[in-house]
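The exercises below ask the reader to work from the coordinates towards a description of sheet pairing, burial and internal space. Each task is followed by a solution in steps.

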Amino acid sequence: MLTEELRAEVARLKHERDAVVLAHYYVPTEVQELADHVGDSFALASLAATLPASTLVFAGVRFMAESAKLLSPDKTVLMPDASADCPMAHMVQRETVDAAREKYGDDLAVACYVNSTAEVKSWSDVCVTSSNAVRIVFALPQRNVLFIPDRHLGRYVAGQVAEKNVILNDGYCPIHQAISADEVRALRESLPGAPVLAHPECGPEVTELADVAGSTSQIVEAAAAGEARDYIVLTVDGVRGELERRCAGMGKRFHFPPTHPVCPDMERITAEGVAACLREGSGEVGLPPEGVAAPARAALARMLELGASR
Ligand code: SF4
């Protein structure tokens with residue numbers, strides 16, 4: 001629980017360690033309240049590389065902290081719970097990538113969602129996030145694009161970039177995939193006229209019911225700019241904190257599906273865990289071997305280069 005005492009201790013430890021706390025929108029609200037920066041994976045990845053602090057506490061899952069370490073190898077990167085991992089980050093086989101490279105040769109690019117391990121990134125030509133995937137896939141010179149690991153985001157991108165042959169892998173986010181079209185239809189019936197804002201990690205039968213499909217940042221922007229009072233939000237419930245901050249005083253209400261989408265790995269991150277890793281220097285994330293780190297870093301750097309304008 002976030003007490004005034006804990007808040008003061010974190011502030012003191014951050015100062016002593018020359019640390020900043022970066023939190024993803026999906027972690028519990030009390031952790032977001034302790035953070036210096038809250039954002040989606042694109043915003044946090046870009047920011048991590050530019051911050052002057054010598055220590056980054058990454059309140060999120062492992063692939064996020066790993067990406068920060070790859071882009072800032074001289075900084076100390078700490079995780080409040082080193083076991084917080086994203087199951088989708090592992091959902092692709094090396095053989096899938098090798099088979100596509102053999103079939104399409106130089107006319108293939110491998111685009112890798114940042115929700116992936118450093119090793120998976122190292123097999124890829126460029127990383128993408130849900131904010132910039134469409135723009136980056138469109139900008140690639142190759143016509144064939146193997147999209148890994150998320151099949152739902154890959155399918156969404158394929159629908160937006162008809163010029164490309166987007167080849168899908170079979171990975172998925174179990175939390176977004178569990179949101180059903182039936183519960184979205186029921187919500188729409190009970191809230192006539194409420195815009196439906198969906199993350200493209202949801203299945204296609206859900207995103208096709210959406211008025212806006214986009215990253216968590218794009219969902220927040222759409223809700224903040226919208227004229228409606230009620231919004232149906234189809235992503236992890238943790239984003240509620242940012243929606244309420246951005247729309248404070250506007251009288252807007254946010255409705256999440258009854259399946260209550262919460263990511264158990266993001267929920268491992270607690271305020272006490274943030275304080276403990278600052279206190280003890282625990283949960284340090286190391287660099288992978290150079291044979292993995294160099295190509296993974298290159299894929300991330302290419303994303304920052306191609307996706308710089310949002
Ligand atoms: S919400 Fe889904 S994609 Fe995001 S960290 Fe959790 S399991 Fe992974």
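**Exercise 1.** Determine how strand β9 pairs with strand β11, and place the pair in its sheet.

*Solution.* Strand β9 (residues 196-198) and strand β11 (residues 230-234) run parallel and are joined by three bridges, where pairing requires that DSSP finds at least two bridges between two strands, and where strands (E, at least two residues) and helices (H or I, at least four) are DSSP runs numbered from the N terminus. Within this pair, Ala198 stands opposite Leu234 in β11. Helix α12 (residues 216-225) packs on the sheet and touches β9, β10, β11 and β12 (contact means heavy atoms within 4.5 Å). The direction of α12 makes about 160° with that of β9, the axes being lines fitted to C-alpha atoms, for helices over the stretch in contact, with angles from 0 to 180 degrees between N-to-C directions. The open sheet itself has four strands with parallel pairing, in the order β10-β9-β11-β12. Because β10 (212-213) and β12 (253-255) each have a single partner strand, they stand at the edges, and one side of each is left without a neighbour in the sheet.

The model is predicted, so that local features need pLDDT of at least 70 and side-chain atom pairs count only at pLDDT 80 or more, while totals for chains, interfaces and linings use all residues. Residues are numbered from 1 along each chain as its sequence is written, and side-chain values use heavy atoms, with hydrogens and water left out.

**Exercise 2.** Establish whether the residues of strand β7 are buried or exposed, and identify its partners.

*Solution.* Five of the five residues of β7 (residues 144-148) are buried (under 20% relative accessible area, 1.4 Å probe, protein chains only), so the strand is largely enclosed by the rest of the structure. Asn144, Leu146 and Ile148 lie on one side, with Val145 and Phe147 on the other. Five bridges join β7 to the parallel strand β5 (residues 108-113), and four join β7 to strand β8 (residues 165-168), also parallel. Leu146 stands opposite Val110 and opposite Ile167 in β8.

**Exercise 3.** Describe the burial of helix α4 and what covers its buried residues.

*Solution.* Nine of the 10 residues of α4 are buried, so the helix is largely enclosed by the rest of the structure. Among the buried residues are Phe63, Met64, Ser67 and Ala68. Their cover includes β1 (19-24), α3, β3 (55-59), β4 (76-78), α6 (118-122) and α15 (290-306).

Methods: Buried < 20%, exposed > 50% of the residue type's maximum accessible area, 1.4 Å probe, protein only.
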